[in-house]
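Let's walk through this structure together, moving from the place where two chains meet to some of the charged pairs inside each one. Have the view ready to rotate as you read.

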Amino acid sequence: MYRYDEFDADFVAQRVAQFSGQVARRLSGELSEDEFKPLRLMNGLYLQLHAYMLRVAIPYGTLSATQMRRLAVIAREHDRGYGHFTTRQNIQFNWPKLAEVPAILDKLAEVEMHAIQTSGNCIRNVTADQFAGVAEDEIEDPRITAEIIRQWSSLHPEFTFLPRKFKIAVTGAPNDRAAVRFHDIGLQMLRDENGEVGFEVWVGGGQGRTPVIAERIRGFLPKRYLLSYLDAILRVYNMLGRRDNLYKARIKILVQQTGVEEFTRLVEEEWQQIKDRGFDLPEAERRRIEAYFAPPAYPAAETHPAALRAAEDSDPGFAQWLQASLAEHREPGYGIVTISLKPIGGAPGDATAEQMEAVADLAERYGLGEIRVSHEQNLVLPDVRLSDLHALYQGLLDAGLATANVGLVSDIIACPGLDYCNLANARSIPVAQRLGERFADLDRQHEIGPLKVKISGCINACGHHHVGDIGILGVDRKGEEFYQITLGGRPDEQAAIGKIIGPSFSYDEVTDAVDNIVETYLGLRQDGETFAEAYRRVGLDPFKEKLYAAH
Amino acid sequence: MPLIKDGRLAEDRWTPVADDEAIGADIDPIVSLERWQAEHETLSGRNRPIGLRLRSDQSPAAVAEEVERFDVIALEFPKFTDGRSYSHARLLRERYGFRGELRAVGKVLRDQFTFLLRCGFDSLEVADERLAEAFEEATSEISHVYQRATDPGAPIWARRHGPAALGSEAACTGS
């Protein structure tokens, strides 16, 4: 993974000192809360319902074991013993004291981490495929591009006061695990007819109150033009994006209102003016960054360890966990393991300090010391020898991290909701917990198969409900929490926005409603169809009929 | 309003004039784009320097062909979160070749100083003289930059590899 050199380290140290000065000015009263607000927001510090919340960047979701241990220390010393992994591959601490924030940032800087641009109307922490570098289907590790973007966007003088927040995602594989079509800019790597690697450029996707699938504005951008092309898009957006209405300020609205053809023309025209003018990264620097992501020298490992087969036969819990958690690795004899942060009855994405330390230990013992955070709020150990899987499973069991539900109905994405967030209309986490309990029977979950339930506590859609197989949106109806259900959303290369099935349900009804939809699916599926495949075949109506017949 | 130029409080010899205000014979006015366009001939005919003021929703493309007529161009920041003028400043400097004084006016706060200088501004109109004292610290807090902008400062990536590796334009474009 990427390591800071003296410049990176110095840059972060200076930024911490600068922010610490801003905090001091706030604490002394020199800055009012109004004046402090935009400054703290540029460094991931929000004022939430009960306290400050600090969002720490985990660039493209990659962490070392050392960094994970440091997050555990922060959770223990400055929070209430846990942290919350987010859908943007970051971590949030919900209870830090303002006066302690500089100390937290110092502790992060020591392990090459920061909170720069995790909030505010600027280019946010860039996200990537959580299987980057190890996925079978990958053309190039997207983290090289993501790291280049991270550096370029850090305190970019022109793009720090954009109309609205700006999110960029990169995938290096045709199977899109980074939801690039739902980002302000999505970069999908591909090869052109000559075998050269470049990007397909998608712009104007997003969720929120106006969900939009991005438009493809360029079929192929050579890698060497990455930054000048991003500069061109951002400049057009910075100058023309709406600033009169917070809800119409994202680039998706600009693309819609300008029209994709005209928008593309503006970007290309701007790009022609700035390409080949020294704004792109020199090849030597690209190669320097690339070298950090070179695949490690994998020690040879057994491809079909007999002990693994034996453990599967003797330990049904392990066999079930393996089925949910293991993904194919490009290196024979190795596997990618997803660790569920969705225990039945737990808050999605939460991990205790002890669990973080356990994951760090396991990553070193059974992997190469690297950990990933997925946008589905789980953790990933990217390099596990197949022969170590059973021992890893037992270690995870001890840490309470072996829930065998990855990709299944209780592997729910949920925003913090009304329990923490001052924007929310309704609770999200308790809905996820109730659903988890309803589907607690793992055999039944495995019988149901892959199914993504996503819950947002308000129309800002932080819980990605628009792209869930089953999406749940909390709404306020005369002071009461209600939940609107959508079906058929997809975040991947077959991007789709879920359709509203009908009138919403009360807090007490929503679990039954989801159960009803799942039962309908089980009744109509053919030949092992997944929920998504069945939905595509039959559409909304059969689900709707059953759901509202029961009420 | 106090004016910071080259890092110090400076005398302001320019007079902002409202659109309906007469322009005295002995002043150097800063006029709006509307007034410049409406009174183009009269204003160009005056035998004194002239300044232009652009709102953040007015693109400098409107004066791209005639920037050399202005000794000063003032770009507005109606709110400090309105970042359009950063792009406008870069266009004026890098594309339209404006070499005069580029002035940031409106909500100009200490924590923007570095960004403003990097986008080509060389004078800052601020609300409080004390900001001039803070200028030195505010603009030296972060000494590294990761991207090329209008300022001549070398980005971190150029310093990593040294001038030899990046000497030619071909090197910059990767080829």
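A good place to start is the count between chain B and chain A: seven salt bridges. Please keep in mind throughout that this is a predicted model. Helix 3 (84–95), helix 4 (113–118), helix 6 (156–166) and helix 7 (169–172) of chain B each supply at least two residues of the side of chain B that touches chain A. Of these, helix 3 of chain B gives the largest share, eight residues. By character, the residues on this side of chain B divide into 13 nonpolar, twelve polar and 13 charged.

How many residues are in contact across this interface? On the chain B side there are 38, and they meet 44 residues of chain A. Together the two chains bury about 4,000 Å² between them, with 59% of it on carbon and sulfur atoms. Within chain B, F115(B), Y146(B) and R160(B) lose the most area to chain A, together 18% of what that side buries. Polar contacts are part of the picture too, with 22 residue pairs between chain B and chain A.

Now zoom in on one of the salt bridges between the chains. E270(A) pairs with R95(B), and their closest N and O atoms are 2.7 Å apart. Both residues belong to a network of salt bridges that also links E158(A), R235(A), R90(B) and E94(B).

Next, step back to chain B by itself. This chain has seven helices and eight strands, and its C-alpha atoms fill a box of roughly 55 × 40 × 25 Å along the principal axes. Of its 175 residues, 54% are buried. One salt bridge in chain B joins R55(B) to E34(B), with the closest N and O atoms 2.9 Å apart. Because R55(B) lies in the loop between strand 5 (51–54) and strand 6 (72–77) while E34(B) lies in helix 1 (residues 33–38), the pair ties together parts that are 21 residues apart in sequence. R55(B) is partly exposed at 35% relative accessible area, and E34(B) is partly exposed at 34%.

Finally, turn to chain A, where D184(A) and R250(A) meet in a salt bridge (2.9 Å, N to O). D184(A) sits in the loop between strand 7 (168–171) and strand 8 (185–191) and R250(A) in the loop between helix 6 (226–240) and helix 7 (251–258), so this pair ties together parts that are 66 residues apart in sequence. Are these two partners buried or exposed? D184(A) is buried, at 0% relative accessibility, and R250(A) is buried as well, at 15%.

How values were computed
Residues are numbered from 1 along each chain as its sequence is written. Chains are lettered from A and ligands numbered from 1 in the order in which they are written. This is a predicted model: local features need pLDDT of at least 70, side-chain atom pairs count only at pLDDT 80 or more; totals for chains, interfaces and linings use all residues. Side-chain values use heavy atoms; hydrogens and water are left out. Contact means heavy atoms within 4.5 Å. Buried area is the accessible area (1.4 Å probe) that two parts lose on being put together, summed over both. A salt bridge is a side-chain nitrogen of Lys or Arg within 4 Å of a carboxyl oxygen of Asp or Glu. A polar contact is a pair of N or O atoms within 3.5 Å; within protein, one must be able to donate a hydrogen and the other to accept it, and residues adjacent in sequence count only if both atoms are side-chain atoms. Helices (H or I, at least four residues) and strands (E, at least two) are DSSP runs, numbered from the N terminus. Ala, Val, Leu, Ile, Met, Phe, Trp, Tyr, Cys and Pro count as nonpolar, Asp, Glu, Lys and Arg as charged, and the others, Gly among them, as polar. Buried means under 20% relative accessible area, exposed over 50%, partly exposed in between (1.4 Å probe, protein chains only).
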